[in-house]
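Got a model open and wondering where to start? Let's walk through it with a few quick questions.

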Amino acid sequence: MAHQLEISDIYDAARVLKDVVRHPRLISVSKLNPEAEIYLKPENLQYTGSFKLRGAYYKISCLTDEEKSRGVIACSAGNHAQGVAFGATSNGIKSLICLPAGAPISKVEATKALGAEVCLVPGVYDDAYQRAIELQHEHGYTMIHPFDDLRVIAGQGTIALEIIEEMPDVEAVIVPIGGGGLIAGMAFALKQLNPAIKVYGVQASGAPSMVESLHEGTRVHLDAVSTIADGIAVKEPGVNTFELCRQYVDEIVTVSDDEIAAAILALIEQQKLVAEGAGAVAVAAAMFNKVPIKGKKTVCLVSGGNIDVTSLNRVITRGLVKSGRNTSLSIDLSDRPGQLANVCSIIGKSGANIISVVHQRNVSQLPINSCVLRIELETRNLEHIAELKERLADAGYIIVN
């Protein structure tokens with residue numbers, strides 16, 4: 001790093017952002033993990049719906065008058081785009097955001113609504129990034145990098161100052177990781193102020209770029225990423241963020257898409273908070289005991305809430321299945337009168353609710369006098385499902401899945 005990050009940078013960013021961003025208070029949550037004292041830092045309630053506003057605004061505020069006159073450019077399909085648009089418009093600066101042509105319409109319109117000019121580029125994110133580089137050189141724009149910039153990192157680190165100010169005795173902080181700008185700033189600030197605080201990072205198992213990079217001891221470029229947490233689906237961490245994570249982060253873990261979906265569902269049901277996939281990974285790590293927080297006063301960062309409404313239903317359904325609130329059973333039956341009624345009676349007495357029933361006779365793998373009953377159910381939890389399966393087995397029914 002040409003310029004070493006200093007704690008004074010974080011405090012300067014906090015000064016600049018004092019009257020610009022929201023400072024959401026910590027929320028105590030007891031049900032997410034009864035073994036730990038869990039609190040949420042709800043950055044999903046931030047202007048633009050995510051923490052990205054902090055780093056983008058601070059970076060833009062540090063530009064020279066000449067740089068401001070030429071405008072700024074960024075490449076993003078989501079939260080960073082909106083942060084840059086808000087920061088530039090607030091400072092009277094032109095902003096151009098390059099987006100892949102397939103970006104959700106809601107995100108494109110949200111970026112435009114914040115005052116940015118949008119350039120839709122055919123292809124994927126990498127194509128949009130290359131076009132942004134071309135336009136930067138053509139017009140002299142300043143590139144606002146989504147994570148690998150020390151001033152952007154300093155802006156994100158202001159969240160750590162707010163956590164320590166509100167809860168000086170915090171023992172652990174769990175932070176989402178994509179490119180690493182958020183955790184780099186937060187881990188640096190937390191460890192400078194109190195080295196005893198444990199800092200845990202979380203990535204989606206389908207996009208573990210920082211996990212693999214730290215394991216290999218050098219930055220790793222993934223060939224592909226696949227996760228519902230699109231906000232942290234980054235193929236390669238930054239130069240600055242990798243070094244800061246290597247120095248200041250205690251451990252990085254991964255969570256599956258099913259675990260992320262369960263965390264989104266828990267936040268909606270229990271806390272009335274809407275989180276996007278990337279915003280819920282820290283909560284998922286706490287819920288499923290991915291990090292050692294038993295007995296510790298722990299803060300989970302809910303980094304953003306800009307989930308595409310059209311995908312929310314699918315995510316909730318996955319969350320219901322993961323938490324045992326919804327299940328499907330396939331039962332091998334002998335095809336004779338009364339069998340369906342008897343199965344439904346057992347299910348009803350167990351307290352489960354039948355959503356749909358499919359009765360299939362023409363299954364070539366089964367004996368002629370057999371059939372398969374496929375039932376979708378609403379259940380209470382995983383223990384309830386196990387109890388139901390046991391009752392059906394005791395009655396002589398064979399569950400084939």
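What follows is a short round of questions and answers on this predicted model.

Q: How many helices and strands does the protein have?
A: Let's start with the overall picture. The C-alpha atoms fill a box of roughly 85 × 50 × 40 Å along the principal axes. Within the protein, the tally comes to 15 helices and 14 strands.

Q: What percentage of the protein's residues count as buried?
A: A residue goes in the buried group when its relative accessible area is under 20%. The chain has 401 residues to sort this way, and the buried share is 52%.

Q: Of the contacts between residues at least 6 apart in sequence, what percentage join residues at least 24 apart?
A: Here a contact is a pair of residues with heavy atoms within 4.5 Å. Take the contacts in the protein that span at least 6 places in sequence, then keep those spanning at least 24: that leaves 72%.

Q: Is glycine 181 buried or exposed?
A: Glycine 181 sits in helix α8, which covers residues 181-193. Setting aside neighbours within four places in sequence, glycine 181 touches Phe147, Ile153, Gln156 and Thr241. Its relative accessible area is 4%, and the cut-off is under 20%, so glycine 181 is buried.

Q: What distance separates the C-alpha atoms of glycine 181 and proline 237?
A: Along the chain, glycine 181 and proline 237 are 56 residues apart. In space, their C-alpha atoms are separated by 8.9 Å.

Q: Which element gives the largest share of the lining of the largest pocket?
A: The largest pocket has a volume of about 1200 Å³ and is lined by 49 residues, with Tyr125, Asp230, Gly231, Ala233 and Val234 nearest its centre. Elements giving two or more residues to that lining are α4 (79-90), α6 (125-139), α8 and α12 (277-287). The largest share is three residues, and they come from α6.

Q: How many charged residues are in the lining of the largest pocket?
A: Sort the lining by class and you get 21 nonpolar and 19 polar residues. The remaining class, charged, has nine.

Q: Which strands stand at the edges of the open four-stranded sheet?
A: The strand order is β5-β4-β3-β6, with parallel pairing. An edge strand has a single partner, so one side is left without a neighbour in the sheet. That description fits β5 (117-121) and β6 (142-143).

Q: Which residue in β5 stands opposite isoleucine 97?
A: Strand β4 (residues 95-100) runs parallel to β5, and five bridges join the two. Opposite isoleucine 97, the residue in β5 is valine 118.

Methods
Residues are numbered from 1 along each chain as its sequence is written. This is a predicted model: local features need pLDDT of at least 70, side-chain atom pairs count only at pLDDT 80 or more; totals for chains, interfaces and linings use all residues. Side-chain values use heavy atoms; hydrogens and water are left out. Buried means under 20% relative accessible area, exposed over 50%, partly exposed in between (1.4 Å probe, protein chains only). On a 1 Å grid over the protein atoms alone, a cavity is a set of points where a 1.4 Å probe fits but cannot get out, and a pocket is an open set with protein on both sides within 12 Å along at least five of seven lines; lining residues have an atom within 4 Å of a point. Grid points are joined across faces, edges and corners, and a volume is the space filled by probe spheres set on the points. Ala, Val, Leu, Ile, Met, Phe, Trp, Tyr, Cys and Pro count as nonpolar, Asp, Glu, Lys and Arg as charged, and the others, Gly among them, as polar. Two strands pair if DSSP finds at least two bridges between them.
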